[in-house]
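Subject: Handing over a structure

Hi,

Here is the structure I promised to pass on to you. Have a look at it first, and then read my notes below.

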Amino acid sequence: MNYKRFFAIASIAFLGAHSAAGEGLVVIVHSEMHEPLSSQDIARIFLGKSSQFPTGEKVEPLNIDPADPNYTIFARKVLRKSPSQLRAYWARQVFTGRGTPPKSRKTDEELLRLVATGKQYLTYVDAEKTSETVRVVLEVETEAEVEVEEELKIEIEVDVKT
Amino acid sequence: MNLNRHIGSFRRVFAAFCACSIFYPTIASAELDWQGNGFGTFGGGVLNDDSINTQGAFRHNSFEESFAFDIDTRLGYQASLSLNDKFSITAQLVVRAIDDFEPNLEWGYLTFHSDHGFLVNVGRQRRPSYAYSDYLDVGYAYPWIRPPLEVYSRDLSFFSEVDAISVHYQRPFDEWTGSVQVYYGGTTDNAAEIAGDRTETNTRDDAGLFLGLENDHINLRLGYQVLPNVDLGDVEFTNILIRFLDNAGYSDIAQDLVPSSLYIEYYNFAIGVDKGDWLFNAEYTQTDYSRSLAADELSWYAMGGRRLGPFTLHYTYADRERVNNEKFTGPIRADAESGPGSAALQGVAALVETALVLSSLEQHSHTLGIRYDFDKAYSLKVEYQWVYDDRDNLSNQLFSFAIDFVF
């Protein structure tokens, strides 16, 4: 049946985005920033709802390039939005003049370098790439296997119905 | 109002400034930080039968019995220039197929960003009247091809943009973020078509207050707007009616009909729930006209949707009605039925009844749609809509599709 194949292809395309995920990612700040940051604080900052750390200092969040799988994992796990929900969210914010998305960098190395140079930066990198020059404020399990299962479940559900 | 005049000329000056920035990006980026974002829609639609637009007294939409691509197709670009840490200028240009792609500088405003969650905008802006009003042109940002026309129709042109000063404040507490937005301003010489007459509308001392509360999944909104001095310009039909009423001895009613002093209030409540797998959106709006033939209007819609991978399936029910101002018919009708000189009044009563019937409306619609998100920033939408004109007993179906994108 055409629908089955179509859905299978759509689901596989989705799986492709997750299959290259690493062991986990960590949200990091400059090593001298000692204040705690909750997942909620981080989400608020990355969604432009707050331009300051909870302590009141200015914060500049940075994303990895949207093509990197960590971007999607961070969006789902910490921001609790799917990539399309996030795009619609930023389209709304940008075109109503309420804010712009955080800037991004192409590699984890660039992000690590930047964080070490300034206390305002907040970003996330692969857990295994972290070093003593930065401080980890949140650990995010990638659970890549669980993500894959979710996509397959959708495919199976649809097959059964058709 | 002095403020409006100053805002008007300010708008022209910095519109020119922005145009220069757009055409000379190398100069702009060397000294200042600018950012550009665009959006667009390519879409078409067709009615199975246009009687709902041609036979009834009310034109529901601009679609016809042959496929039309110019109603929804549009392209927009927004450029934002950061002057320094605190100030930026934003301008948005939109070209619409329906206007033969004539560029229209929709917005142009200066923004002051404070460190404490405040944002002040001065200049031409979209009135944030309803939930989707301020990003109505960005199809990509919402599930439908167009938000329900029962609430979002553009039949009142003085309504969309305003030259104003607006303040936006947001504050997080726990998992919620609360926001307040207020604005004060007006519009000048907005071309409009009312009762078949081309006219120029003006408003002044417009004000609005909007409250929002949102968390990860839920979005609540409450809005109030008052346009206390709406000048509809010269509307021939109303002038004739006023003369008739004056001659028949109803000068006090005639006084209220003068089109240069409408007082309009808008109320709005909206709720949005997005749980990833499923979503729900509903909105209720009420428009009260205090001194006018125009009837008070109530409209609302409720939408439920389900996400399956990149697909979103949704169903919407929408309803709209205009309730006549009884104070116009009441005394005239009573006198025409039984008072002295009632025969002469029959004519006046009939004219008033006609005017009131023309300004009344009752309709509802059902819409079924699918949105498919493909590629990084594109979506394809297909919708089928059943529209019912309950006053004139007409119905028809509208099929439309659209491709929305952002860049």
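**What I found**

Chain B holds eight helices and 16 strands, where helices (H or I, at least four residues) and strands (E, at least two) are DSSP runs numbered from the N terminus. Please keep in mind that this is a predicted model, in which local features need pLDDT of at least 70, side-chain atom pairs count only at pLDDT 80 or more, and totals for chains, interfaces and linings use all residues. Residues are numbered from 1 along each chain as its sequence is written, chains are lettered from A and ligands numbered from 1 in the order in which they are written, and side-chain values use heavy atoms, with hydrogens and water left out.

Chain B has 407 residues, and 48% of them count as buried (under 20% relative accessible area with a 1.4 Å probe, protein chains only). Its exposed surface is about 18400 Å², with 57% supplied by carbon and sulfur atoms (Shrake-Rupley method, 1.4 Å probe).

Now to chain A, which has six helices and five strands. Their order from the N terminus is α-β-α-β-α-α-β-α-β-β-α. Of its 162 residues, 45% are buried.

Strand 1 of chain A (residues 24-30) is a good place to zoom in: seven of its seven residues are buried. This strand pairs in the antiparallel sense with strand 5 of chain A (residues 134-141) over seven bridges; two strands pair if DSSP finds at least two bridges between them. Here Val29(A) has Arg135(A) as its bridge partner. Strand 1 of chain A also pairs, again antiparallel, with strand 4 of chain A (residues 121-126) over four bridges, and there Val26(A) is matched with Val125(A).

What about empty space inside? The whole structure contains nine cavities of 30 Å³ or more. A cavity is a set of points on a 1 Å grid over the protein atoms alone where a 1.4 Å probe fits but cannot get out, and lining residues have an atom within 4 Å of a point. Grid points are joined across faces, edges and corners, and a volume is the space filled by probe spheres set on the points.

The second largest cavity has a volume of about 180 Å³. It is lined by 17 residues, and the closest to its centre are Thr96(A), Asn121(B), Gln125(B), Ser166(B) and Gln181(B). Strand 5 of chain B gives the most to this lining, with four residues.

Enjoy exploring!

Note on methods. Buried means under 20% relative accessible area, exposed over 50%, partly exposed in between (1.4 Å probe, protein chains only). On a 1 Å grid over the protein atoms alone, a cavity is a set of points where a 1.4 Å probe fits but cannot get out, and a pocket is an open set with protein on both sides within 12 Å along at least five of seven lines; lining residues have an atom within 4 Å of a point.
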